[in-house]
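Work through the three exercises below with the sequence and the coordinates open beside you. Try each task before reading its solution.

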Amino acid sequence: MQKYLLLSFIFCFFLADASAQNQDTVTKVALDSVVIHAYGSKMLMATPAAVNKINLKQLQYYSDGNIIQAVNATPGVRMEERSPGSYSLNIRGSSVRSPYGVRNVKIYYDGIPFTAPGGNSMLNMLGFYNVGAIEIIKGAGSSLYGAGTGGVVLFDAPPVAKKMQLNGGFSAGSYGALNYHLQLKLPKHNFSYEETSVDGYRQHTEMKRKLASYQTQLSTFAKGSLKVHFIYSDLNYQTPGALTLAEYQANPRQARPAVGANQGAVAANASIHQQAALLGITHQYSFSPKLNNTTSLYGFYNETANPAIQNYELKKEPHWGGRTNFVYGLKNLAINFGAELQSGDFSSKTYRNIQGNKGSQVTDDELDLLQWMAFAQVNWQMQRWLFTAGASINQFSLDFLRSSEIPNIQASKSFKGQLQPRFAALYKIDDQIATYINVTKGFSPPASSEVFADNNSYNLALQAETGWNVEPGVRWNLLENRLFLDASYFHTLLSNSIVTRRDAAGANYYINAGRTKQQGIEASLSYQLITKEQPLSVLLQGAYAWHHFKYKDFVQLNEDFSGNQLPGVAPRSYTIMADINHKSGFFAFTSLNHNAKIALNDANTQYADDFQLLTAKLGYQKQMKNIPFQLFVGADNLLNQTYSLGNDINGFGGRYYNGATGRSFYVGLKLGWVKR
């Protein structure tokens with residue numbers, strides 16, 4: 001392994017990430033120019049919904065290797081990592097039912113459905129260099145994106161090169177962090193390889209990931225084009241388990257110890273080995289200047305081995321599907337309509353975990369999943385007004401067979417004909433300011449991993465979340481496009497909210513929690529203090545979120561949680577950022593992120609402390625003829641805060657805490673060659 005790292009490091013001296021170097025040092029703030037795809041729109045200023053875009057430059061503000069910090073600069077969104085490689089994504093409280101992994105958030109990769117028909121998204125199979133930009137829709141996606149109450153994330157792939165390029169980079173940091181990538185870009189073809197490894201801050205948090213990808217964009221017919229994506233990921237990461245408050249205060253870096261009959265994380269070799277492959281094909285065709293179509297087909301295969309505290313689980317989750325979207329446009333009218341279909345044949349076997357090895361078999365399950373939706377949306381422009389009306393009809397069904405029981409257990413569950421409407425209106429007061437209101441109905445059936453829980457139990461009585469979201473907002477461009485404000489207020493009422501519980505071994509199971517009331521204010525602000533016309537340019541940015549999430553009606557057995565704060569969601573958070581660039585090539589970036597304390601259980605008897613994360617990155621970039629390069633150094637958690645990230649909500653016996661990385665540093669180099 002060390003030999004390959006050394007060879008790659010030497011090779012990097014002849015390669016670089018040219019795409020990063022060729023972009024403008026500073027982008028002038030102009031809200032009208034932010035191009036997006038959400039809801040079939042083209043410009044953020046003309047989109048009546050809470051949408052945030054994270055562009056390539058923003059992704060590169062932080063260390064290479066993951067997108068977490070860039071995502072967390074979006075108000076109302078929190079991406080967490082309980083241990084390296086183990087992600088969760090919280091959009092307006094969606095992590096209440098997703099203590100690990102990504103659920104109740106619909107994800108698309110370059111227009112290809114990425115979320116499995118069972119409701120889970122394997123976000124950790126995407127590498128840093130698979131992402132060109134990210135759009136985040138907060139709240140129910142309703143009309144065009146179907147089921148879900150948490151939100152929608154649209155990933156753009158990096159653009160296909162027009163000229164031949166060789167790109168590469170290498171970075172190393174604290175706690176054994178290593179990352180390198182190699183890219184060959186030919187006209188219309190991209191080949192990429194990325195490898196990431198880290199020893200981890202806590203005991204038993206080693207992670208290794210190898211990722212290879214290919215993409216191409218070709219012309220087909222005179223009015224058509226074809227995109228092909230292939231991604232293969234081989235990921236291994238250890239899971240240290242949650243700690244009690246006493247264990248966390250004594251040593252936040254330790255793994256979960258043995259307790260009673262339950263072995264510790266190290267003895268159990270608690271870990272995940274995940275191999276996954278995605279093949280997606282997207283074809284675009286224009287039938288006429290007024291009518292065009294985009295159709296995507298994909299196949300996804302995943303195998304996972306997961307030794308946990310009690311069980312040793314082996315899963316195979318192949319699934320396939322497609323999406324087609326027609327757009328018919330007139331001068332003042334645009335109509336979107338289409339359908340989406342996904343199917344999966346999952347299998348799972350669990351065994352006793354005997355010190356990290358398979359023991360006697362416990363379960364043998366098969367799960368067949370089918371999910372489809374049809375959608376339509378109309379946008380009508382009338383002078384300064386834009387009116388939107390749309391809806392999707394959704395169906396989800398599953399068939400379950402447990403052949404390890406005598407007699408066999410067979411069961412079925414379906415959610416049929418669920419209608420999700422969306423209504424929105426936007427008024428553009430002038431070219432600089434626009435206001436909108438967005439009203440959506442959310443419907444989110446339980447994910448397969450929620451119906452069939454980690455502790456081998458299953459709950460076919462679990463109901464879908466439903467509710468309405470009302471959201472007014474404003475976008476305001478000031479001072480000749482140097483200052484802009486994007487702010488919204490939302491009010492969401494959910495019925496049958498799904499929440500998580502944990503048993504003594506740390507396994508999750510899920511129940512419905514009556515009704516919840518979720519309201520909040522989210523705002524982002526950008527100010528170009530010094531423009532790029534000057535030798536030194538300075539861009540200041542800020543984000544703020546206030547969330548008031550309560551159980552409106554939740555009684556479980558003899559406990560009444562009505563009126564309590566929803567656990568896992570910070571009531572207040574903000575981020576302040578500064579991006580500084582000099583025409584000589586020197587650049588600097590710094591950010592401060594604050595999160596208020598959060599409730600760790602439904603009873604609100606335990607809270608995680610608030611914390612502040614200070615980061616900084618310094619570097620120098622230059623292009624000498626056709627060889628660009630960049631050298632950078634950076635630091636995370638400069639204040640060396642001791643804090644818990646990715647908390648285990650409602651952990652049995654008070655096991656809530658997952659200690660996050662302390663102060664850390666990194667250094668990196670990018671080099672390359674671009675054909676002139």
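The exercises that follow concern a predicted model, and each is paired with a worked solution.

**Exercise 1.** Locate Thr205, decide whether it is buried or exposed, and describe its surroundings.

*Solution.* Begin with the chain path: Thr205 sits in the loop that lies between strand 12 (189-198) and strand 13 (207-219). Next, take its relative accessible area, which is 2%; because buried means under 20%, Thr205 is classed as buried. Then look for polar neighbours, where a polar atom of the Thr205 side chain is found 2.5 Å from the backbone oxygen of Arg202. Finally, leaving aside residues up to four places away in sequence, Thr205 touches Ser83, Pro84, Val198, Asp199, Gly200, Gln238 and Pro240.

**Exercise 2.** Work out which strands stand at the edges of the open sheet with the order 1-8-9-5-6, and examine how strand 5 is joined to strand 9.

*Solution.* The sheet has 5 strands, and their pairing is mixed. Strand 1 (51-54) and strand 6 (112-113) each have a single partner strand, so they stand at the edges, with one side of each left without a neighbour in the sheet. Turning to the interior pair, strand 5 (residues 105-109) and strand 9 (residues 151-156) run parallel and are joined by 5 bridges, and Val105 has Gly151 in strand 9 as its bridge partner.

**Exercise 3.** Place Leu370 in the fold and state which nonpolar surface patch includes it.

*Solution.* Leu370 belongs to strand 20 (residues 357-382), and with a relative accessible area of 37% it is partly exposed. Together with Trp320, Leu341, Trp372, Ile393 and Leu419, Leu370 makes a nonpolar surface patch of about 520 Å².

Methods
Residues numbered from 1 in each chain as written. Predicted model: local features only at pLDDT ≥ 70, side-chain atom pairs only at ≥ 80, totals over all residues. Heavy atoms only, no water. Helix = DSSP H or I, 4+ residues; strand = E, 2+ residues; numbered from the N terminus. Buried < 20%, exposed > 50% of the residue type's maximum accessible area, 1.4 Å probe, protein only. Polar contact = N/O pair within 3.5 Å; in protein donor to acceptor, adjacent residues only side chain to side chain. Contact = heavy atoms within 4.5 Å. Patch = residues over 30% accessible without salt bridge, like charges linked within 9 Å, V, L, I, M, F, W, Y side chains within 5 Å. Areas by Shrake-Rupley, 256 points an atom, 1.4 Å probe, with all protein chains shown as cover. Salt bridge = Lys/Arg side-chain N within 4 Å of Asp/Glu carboxyl O. Pairing = 2+ DSSP bridges.
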